[in-house]
Amino acid sequence: MTARTESTEVNVDYRPRQSEPVEPQEAFTHLRFSRGYLYSAGPSVEAPADHWQSVEFAGGTFHWDPRNALAIARLDDTEVLVSGHVVHTGFRTTDVGEIARALVASLAESRQAFLDDLEDMFGQYVVLDRQGSTVKAQTDASGARAMFHDSEARVLGSHVNLVGMVVGAPLSRIAKWIGDTQSFDMPGRSTEYADVWFLMPNTEVTVGTGAITRVGPRPYDPLTVDEAVERMLPQLEIQRDLLLDEDRQILLSMSAGVDTRTSLAAFNGHYDKLKTFTYSKEKRPGDSTSRMLSRDGQLAGRIAERYGLDHTVFHLDEEEATPEAFRAVLEEASPRAHMRKLAWVYHRKLPHDAIHLRSQVNGIGKWHYGHLMHHSEDHNFSAERMATLTKHGRALRRTKKPRSAFRPGIDAFQEYIDSTQLRSVPNGYLISDIFQWEHRTAYWGLAHLVESDFTFDTYSLYGSRRMIQLMLQVPEAVRAQKGLFRAIIERSEPQLVKFYVNGKKWRTPDLSIPVAEFQRGDKTYARKTELQKENAVLKKKLKQAQTDLEALRGQPTPEDEDPQTP
């Protein structure tokens, strides 16, 4: 794609990124809300750090950490602001100024043209735009650069604590959700603060009203594996070349799984440009995750040796403790932790101006919730089912009153369904997949990204709306067997499919197998509750039957016994 107007007609204010915008401080205050931003549509608010920069946009003030690039493009009565690390495969550039220039030209033509051009944007970024008096904002395709906002969206920011602090929001009734339910993530768009909300991917928010509009995904286009691969490979090749042209160290975290192999295959012929690493978790008795990471770490080492990769292994149980001051800025940035010690290892041992390739977005294409569901379930999830899936339903076995414990979460997921018009997603997409995309990947995965932001930019080779949609448009049976990724690897680096996956051979997908064979989930939450009630009734009947049996045998029942008799 090319810009739709001559460059002389567009005014661009471009601020390139700064790799080290401030001298390191002993208390790590230079890392507060790293790679973040804060926009206020009303009176200007203070930036959280002295080295942050500020610019006027659409009648408000945009503050940002200059580790991110920023550009504002203006054309007549139209403005577009882009901030972050961006690769645009349509415009074939990583220059944020040129991307903003092209986007404002598209927006001046039509909002649909503007949204079309956003389909091919990868990276961690936010986009704000103004047409006349209307200002809207959205994030990248997977929410890798998050956006939180108050109810009227007069304050937008990258970190929930930053927005909560600026608007002076009290803690919400949902603040204890994670602890009460043993869940991993907040439900729906809700946050720890009352009237502070998370903006989902595929939606945009109108500044000043807080109205949410769904902008994705685009209409469903059913594809064969070969058709999808033919469309995806050029996108991967363009990204690879543009990333290499940035002349920054490219890091790839290797777990030896399908996702990292897919990213590795994209760099076939350029492995000398990659630095790879694996970490082993601190060992805890009976910890299956530690054992899995150890097994996969060994396999990752063999793959690295096979391809001559510059590979490092971090043994977290041998690394020094995380300094309290560093831990404090991590906790300020994210109330929920991923792995604080790993964040410290990243910051201490890896280059700070690097691009870190992560593969968690690939999970959207792997039929995640399909595997967890019972085969009789409807993929058109209810709010109640979403609430139980935040912990795969396991928390239900740990609470005496599951409905009351899960009620706040159910309400929050219903708000997500309603406010984002989730039921309006085009026919063909499974709501379970959209839920995986917008909630699990974007919101649950946020803690991983926030902790990485303290050291480097994070990037996904599958992180555009177009790429994610392509992953979802192949048959379910293919996705259930990871067949799309296998086909991509076979076209790029076929030897990689010969290494085991999860300790087993990675076999060619058998599309004659019904998808139900790949579903291992429990009964639905509603059915589980019914079974609990039935079980209680049966226990009472069993107790009565035992009492009747004892009476028939001529033996005294417990009620006939004198408690005073020795």
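This report describes the fold of a predicted protein model, from the chain as a whole to selected sheets, helices and loops.

## The chain as a whole

The model is predicted, and its protein chain contains 18 helices and 18 strands. The chain has 566 residues, of which 58% count as buried. When contacts between residues at least 6 apart in sequence are considered, 72% of them join residues at least 24 apart.

## A parallel sheet of five strands

One sheet in the model is open and consists of 5 strands. The strands follow the order 16-15-14-17-18, and their pairing is parallel. Strand 16 (310–315) and strand 18 (457–459) lie at the edges; each has a single partner strand, so one side of each is left without a neighbour in the sheet. On average, neighbouring strands of this sheet are turned by 30 degrees against each other, direction ignored.

Strands of a sheet pair through backbone hydrogen bonds, in either a parallel or an antiparallel arrangement. Here, strand 17, which covers residues 355–357, pairs with strand 18 in the parallel sense over 3 bridges. Within this pairing, Leu357 has Tyr459 of strand 18 as its bridge partner.

## Helix 6 and its contact with helix 17

Helix 6 spans residues 258–265, and helix 17 spans residues 483–492. The axes of the two helices come within 9 Å and cross at roughly 30 degrees. Because angles under 35 degrees count as roughly parallel, helix 6 is described as roughly parallel to helix 17. The crossing of helix 6 and helix 17 is left-handed. On the side of helix 6, the contact is made by Val258, Arg261, Thr262 and Ala265, and on the side of helix 17 by Phe485, Ile488, Ile489 and Ser492. Sorted by class, the residues of this contact between helix 6 and helix 17 are 5 nonpolar, 2 polar and 1 charged.

Helix 6 is also notable for its burial: 8 of its 8 residues are buried, so the helix is largely enclosed by the rest of the structure. The buried residues include Thr260, Ser263 and Leu264. Another residue of helix 6 is Asp259, which is buried with a relative accessible area of 16%. Not counting residues up to four places away in sequence, Asp259 touches Ser359, Asn362, Gly363 and Lys366.

## The crossing of helix 8 and helix 9

Helix 8 (residues 324–333) and helix 9 (residues 340–349) have axes that come within 10 Å and cross at roughly 115 degrees. That angle makes helix 8 roughly perpendicular to helix 9. Their crossing is right-handed.

In this contact, Phe326, Arg327, Leu330 and Glu331 of helix 8 meet Arg340, Ala343, Trp344 and His347 of helix 9. By class, the contact of helix 8 with helix 9 comprises 4 nonpolar, 1 polar and 3 charged residues.

## Helix 15 and the loop that follows

Helix 15 runs over residues 465–472, and 7 of its 8 residues are buried, so helix 15 is largely enclosed by the rest of the structure. The buried residues of helix 15 are Arg465, Met467, Ile468, Gln469, Leu470, Met471 and Leu472.

Gln473 lies in the loop between helix 15 and helix 16 (476–480). With a relative accessibility of 5%, Gln473 counts as buried. The C-alpha atoms of Gln473 and Pro222 are separated by 4.9 Å, although the two residues are 251 residues apart along the chain. Leaving aside neighbours within four places in sequence, Gln473 is in contact with Pro219, Tyr220, Asp221, Pro222, Leu223 and Tyr429.

## Backbone features in loops

A cis peptide bond, with omega at about 0 degrees, joins Gly216 and Pro217. Pro217 is placed in the loop between strand 13 (212–214) and helix 5 (225–245).

Positive phi values occur in two further loop residues. Arg92, a residue other than glycine, has a phi near 55 degrees; Arg92 is in the loop between strand 6 (78–88) and helix 1 (96–109), and at 57% relative accessibility Arg92 counts as exposed. Asp195, which is not a glycine either, has a positive phi of about 65 degrees. Asp195 lies in the loop between helix 4 (177–181) and strand 11 (196–198), and Asp195 is partly exposed, with a relative accessible area of 49%.

Definitions and conventions
Residues are numbered from 1 along each chain as its sequence is written. This is a predicted model: local features need pLDDT of at least 70, side-chain atom pairs count only at pLDDT 80 or more; totals for chains, interfaces and linings use all residues. Side-chain values use heavy atoms; hydrogens and water are left out. Two strands pair if DSSP finds at least two bridges between them. Helices (H or I, at least four residues) and strands (E, at least two) are DSSP runs, numbered from the N terminus. Axes are lines fitted to C-alpha atoms, for helices over the stretch in contact, and angles run from 0 to 180 degrees between N-to-C directions. Angles under 35 degrees count as roughly parallel, over 145 as roughly antiparallel, 65 to 115 as roughly perpendicular and the rest as oblique. A crossing is left-handed if the near helix is turned anticlockwise from the far one by less than a right angle, and right-handed if clockwise. Contact means heavy atoms within 4.5 Å. Ala, Val, Leu, Ile, Met, Phe, Trp, Tyr, Cys and Pro count as nonpolar, Asp, Glu, Lys and Arg as charged, and the others, Gly among them, as polar. Buried means under 20% relative accessible area, exposed over 50%, partly exposed in between (1.4 Å probe, protein chains only).
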